[in-house]
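Here are a few notes to help you find your way around this model. Please have the sequence and the 3D view open as you read.

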Amino acid sequence: MKALGFLRRSFEHGVHPAHHKQQTADLPIQRVPFGKNYIMPLGQHIGVPAKAIVAAGERVKRGQLIAEPGGFVSTGLHSPVSGTVTEIGDFRGVDGRFAPAIAIEADPFATQQVDAGAALDWQSLSLEDFIAAVQMAGIVGMGGAAFPAHVKLSVPDGVKIRHLLINGAECEPYLTTDHRLMLERPEALLEGAEIMRQKLGAEETVIGVEMNKPDAIETLRKHIQPGQPVRVVPLKVKYPQGAEKMMIKSVFDKEVPAGQLPRDVGVNVNNVGTIVAIADYFLRGMPLIERVVTVAGPGVTYPANLIVPLGTPVRDVVKFCGGLKPGTREIIMGGPMMGRPIASLDVPILKGCSGVLVFTEEETARRKEYPCISCGRCLEACPYFLNPSRLARLSKARMFDEMKALNVFDCVECGCCTFACPSSIPIVQLIRTAKDDLTHRKEPDA
Amino acid sequence: MNSLLVAPAIMVGIGLFFGTILAVAQRFLKVDEDPRIEATNELLPGTNCGACGQPGCLPFAEKLVKGEVDPGQCTVSTDENIEQIAEYLEVDAGRAEKLVARLRCNGGHLQANQIAEYRGFEGCRGAAVVSGGGKGCAWGCLGLADCEAACTFDAIHMNANGLPQVDTEKCRACPDCVAACPRDLFELVPLNQNLYVQCNIPLAGEAATQLCAVACDACGKCVADAAPGLITMQNNLPVIDYAAGGEPRPDAVFRCATRSIVWLEREQFQDQESRKAGVA
């Protein structure tokens with residue numbers, strides 16, 4: 001029975017895309033040299049945008065607070081470079097829309113020394129102060145959603161967090177940022193995990209890593225201090241293993257009901273990058289001003305894992321990687337399954353951006369769409385047990401309201417359905433469109 | 001013999017019993033439905049489009065008979081039908097001024113700068129969800145014809161410039177296109193309001209014109225040339241306030257270098273149509 005234990009370490013449904021990680025998995029993280037222009041959008045996390053506290057023309061130092069949280073579900077922003085604020089205005093974001101941002105021109109003669117405070121005495125901080133500190137440090141979920149980390153820490157009374165789950169699955173193809181972090185900074189990860197665990201009052205820390213990263217599992221296990229309540233759990237390679245509800249199912253065999261949060265089953269889930277950011281802030285006083293980004297894909301000359309200051313335009317990152325190969329057709333920010341294509345190279349790297357993937361004609365060509373043959377593969381793929389085929393048909397018929405009864409809002413847009421569909425029906429795209437229509441539709445005034 | 005008669009007798013008995021109940025119910029619980037509702041409903045177009053603000057034609061007919069709404073509020077019926085209904089119900093037609101859908105954007109493929117090629121999921125909403133389509137302007141028409149698909153009356157067709165051309169004859173001012181547009185560019189305006197601003201860029205000067213050749217750069221010439229108070233600049237766009245008094249005149253648009261404020265006699269984008277004909 002015990003030998004079969006590892007087989008159980010997975011959730012139901014899901015798909016198996018080719019992982020394509022060999023391109024960057026063995027490349028150490030390197031630092032991108034500072035460029036000239038930086039754009040820090042005020043709303044780069046989920047929730048209320050931050051409020052700028054600097055004015056145009058003001059000199060800022062690297063690591064200096066430039067925007068404060070605009071509400072509880074909001075975080076602070078720090079300058080990624082030493083330089084001058086050139087403008088506070090509207091700049092193009094990842095979704096193509098213009099949004100308020102702080103533009104900073106780097107000072108080419110600055111030392112780029114971090115204006116970081118000293119390490120914080122996190123042990124003596126009360127929970128409220130700790131949460132406030134995380135919020136001011138600008139730490140958000142680094143896996144892609146950019147949900148403010150401190151909100152997850154604020155657990156309502158009566159809810160007991162028993163497990164801290166650290167997400168090192170990195171189930172999206174191509175991305176290797178978490179993998180490299182686990183290999184290169186296991187101490188920081190385990191330090192951050194200890195801070196989080198003690199502050200949450202959890203009994204143990206579990207690090208879930210997909211089995212295609214045996215070196216990471218080994219490294220982490222080697223660095224665990226004797227007596228430290230940390231377990232590294234190898235997980236089956238399957239997409240979306242890194243979705244928090246899937247991971248809880250895989251590790252603890254507990255299901256988080258629709259509409260509830262991981263904390264309702266006593267688990268707090270955080271990405272590897274988030275935990276390292278926590279360690280960097282509380283032990284080294286370094287706020288979130290840079291992140292690890294994987295630049296990969298068939299269209300990039302030199303794939304790499306890079307530490308990129310936030311706000312760096314994608315153009316500079318791509319240039320550092322040797323530029324685009326001829327025939328490049330599409331650049332995706334994030335992973336290939338859930339990331340967003342960008343329309344302009346001038347959009348900046350944000351807190352939630354784990355990858356810049358460059359694809360050529362071959363990978364992006366759209367396959368011919370055939371009618372649904374009712375094979376049910378999308379139903380077998382959907383990790384949330386929805387009926388994607390039916391949702392897609394309703395979306396095609398523009399019957400968006402009817403989709404609510406089929407729990408369309410439980411869909412996390414993981415893309416398993418589109419990946420699984422043998423008729424190449426853009427199912428997740430249809431669902432996403434319908435969700436957007438339902439949430440943003442302007443009701444007629446009449 | 002007896003057993004043969006029992007069954008029919010029971011059936012007849014049950015029948016008589018329920019028949020009596022029905023007869024009593026008919027006598028005491030009868031609801032008189034106004035026959036005019038049915039007749040009025042016959043005269044309505046039966047499209048159930050919702051343009052009148054009611055869920056469908058029958059509820060509209062009920063309200064008509066009760067006198068809560070005017071026949072003219074049905075924008076879909078022809079004038080003769082409205083007259084007929086008004087005559088039949090002996091009320092005032094109350095024909096509202098004709099509304100048409102106008103697009104607050106004039107930047108087609110030829111005018112708006114393209115920064116990328118959108119090859120994703122077809123449809124404006126799909127483009128708006130991912131990266132905002134290929135145009136540099138983040139406020140303008142995406143040109144992927146969601147409104148054309150949504151129009152119940154076949155009044156919207158994409159022109160050669162990639163903009164939705166509204167047929168003012170066919171447009172019944174139902175709000176389908178208004179709801180379909182992810183950029184909220186359609187609005188229903190009276191056909192006789194000739195001055196119209198067809199740009200939605202909240203930027204000024206070069207910031208706007210480098211995105212689109214026909215963008216409003218907020219120069220304010222139209223404000224100066226129009227009757228005082230008629231046009232005001234709000235959020236870097238001219239806003240026409242017909243209620244403010246002051247007679248709208250075509251003078252206001254003469255000095256507009258980008259044709260972002262226009263004097264419309266009938267359809268929008270007439271100049272673009274003629275250009276298309278010239279090319280052909």
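1. A word on contacts first: two residues are in contact if their C-beta atoms, placed from the backbone, lie within 7 Å. With that in mind, look at Val317(A), which touches Val32(A), Val293(A), Val295(A), Leu306(A), Val308(A), Thr312(A), Ile349(A) and Val356(A), leaving aside residues up to four places away in sequence. Please remember throughout that this is a predicted model.

2. Val317(A) also has a place in a wider picture. The largest nonpolar core holds 191 residues, and Ile278(A), Val317(A) and Ile201(B) are those with the most contacts inside it. Helix H8 of chain A, residues 272-284, gives the most to this core, with eight residues. As background, nonpolar side chains tend to be buried together in soluble globular proteins.

3. Next, try strand S13 of chain A, residues 290-296. Is this strand enclosed or open? Seven of its seven residues are buried, so S13(A) is largely enclosed by the rest of the structure. Glu290(A), Val292(A), Thr294(A) and Ala296(A) point one way from the strand, while Arg291(A), Val293(A) and Val295(A) point the other way. In a regular strand, side chains alternate between the two faces of the sheet.

4. Which strands pair with S13(A)? Strand S14 of chain A, residues 304-309, pairs with S13(A) in the antiparallel sense over six bridges, and here Arg291(A) stands opposite Val308(A). Strand S17 of chain A, residues 355-360, pairs with S13(A) in the parallel sense over three bridges; there, Gly355(A) is the bridge partner of Thr294(A).

5. Now for the contact between the chains, which takes 21 residues from chain B and 22 residues from chain A. On the chain B side, helix H5 (124-130) and helix H7 (176-180) each supply at least two residues. The largest share of that side, five residues, comes from H5(B). By class, the side of chain B that touches chain A has 11 nonpolar, seven polar and three charged residues.

6. Finally, chain B itself is divided into domain 1 (38-89) and domain 2 (99-279). The C-alpha centres of these two domains of chain B lie 32 Å apart. Their contact takes six residues from domain 1 of chain B and six residues from domain 2 of chain B. On the domain 1 side of this contact there are three nonpolar, three polar and no charged residues.

Definitions and conventions: Residues numbered from 1 in each chain as written. Chains lettered and ligands numbered in written order. Predicted model: local features only at pLDDT ≥ 70, side-chain atom pairs only at ≥ 80, totals over all residues. Domains from an automatic or database assignment. Nonpolar A, V, L, I, M, F, W, Y, C, P; charged D, E, K, R; others polar. Buried ≥ 20, exposed ≤ 12 C-beta atoms within 10 Å, placed from the backbone. Helix = DSSP H or I, 4+ residues; strand = E, 2+ residues; numbered from the N terminus. Pairing = 2+ DSSP bridges. Core = buried A, V, L, I, M, F, W, Y, C linked by C-beta atoms within 7 Å.
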